[in-house]
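Reader: Please take me through one part of this model in detail. I want the strand pairing, residue by residue where you can.

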Amino acid sequence: MSSHHIVREKQEPALYIHNLGNFDEEYLGQILEWSPTLVVNSAIYEKVISLGLKVDVVLNAADGLVPQENTKSIIGPGDDYNTVLNYLISEKYPAVNIIDDQKALSDLAFYLPKINIVLFTATEKSYAVKTGFSVWKPAGSIFLIDVVSYFEATNLMQKEEREFEVVKDGFVELTFNTEYVFLTEKI
């Protein structure tokens, strides 16, 4: 029995690769499984196409860069993230996955009311949650939580300053009085 999936345009988060660093290619393949719109920083464009990937949008294409057929180019002044996120928001993308080895999600907090962001490094996945967030996790799972205000959690035990461990298999729920709390999980 086979299954066929129909993915509507912009239903899946776009993927912006700012810097691959040591990002696992197998995990990259999983993120690309649903064929999201792929936006790539021109500095790593050649590396990305050498992996056999189809790039939809290249950011700040350098002179001499020959993009693949049907690849759009966007250019913006200043910060690359501002250019990419403003582009995705203007194109009505509801979410974006970002791969970078140096950016912190808190640096992108300005954009969170307009677009959901998940930030991946080679070892971690970070995302912002709103109060009432609930997720099922197996016992022993670790969350790194940037605690900026009072919050309550069910099924979590604090191990170190930012490190919290899931006590037993089941749901973890967070309630707090700020707009967002930033969670990080190991991948």
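Author: Start with one facing pair: Thr154 stands opposite Glu173 in strand 13. The model is predicted, with local features requiring pLDDT of at least 70 and side-chain atom pairs pLDDT 80 or more, while totals for chains, interfaces and linings use all residues. Numbering runs from 1 along each chain as its sequence is written, and side-chain values use heavy atoms, leaving out hydrogens and water.

A strand here is a DSSP run of E, at least two residues, numbered from the N terminus. Two strands pair if DSSP finds at least two bridges between them. Strand 10 and strand 13 (residues 170-176) are joined by 4 bridges and run antiparallel.

Now widen the view. Strands 8, 13 and 10 form an open sheet in the order 8-13-10, with antiparallel pairing. Strand 8 (133-137) and strand 10 (151-154) are the edges; each has a single partner strand, so one side of each lacks a neighbour in the sheet. Neighbouring strands are turned by 15 degrees against each other on average, direction ignored. For such angles, axes are lines fitted to C-alpha atoms, and values run from 0 to 180 degrees between N-to-C directions.

There is also an open sheet of 11 strands. Its order is 4-3-2-1-5-6-7-14-9-12-11, and its pairing is mixed. Strand 4 (72-74) and strand 11 (156-158) are its edges, each pairing on one side only. The twist averages 25 degrees from one strand to the next. Take one pairing within it. Strand 1 (residues 14-17) runs parallel to strand 5 (residues 95-99), and 4 bridges join them. There, Ala14 has Val96 of strand 5 as its bridge partner.
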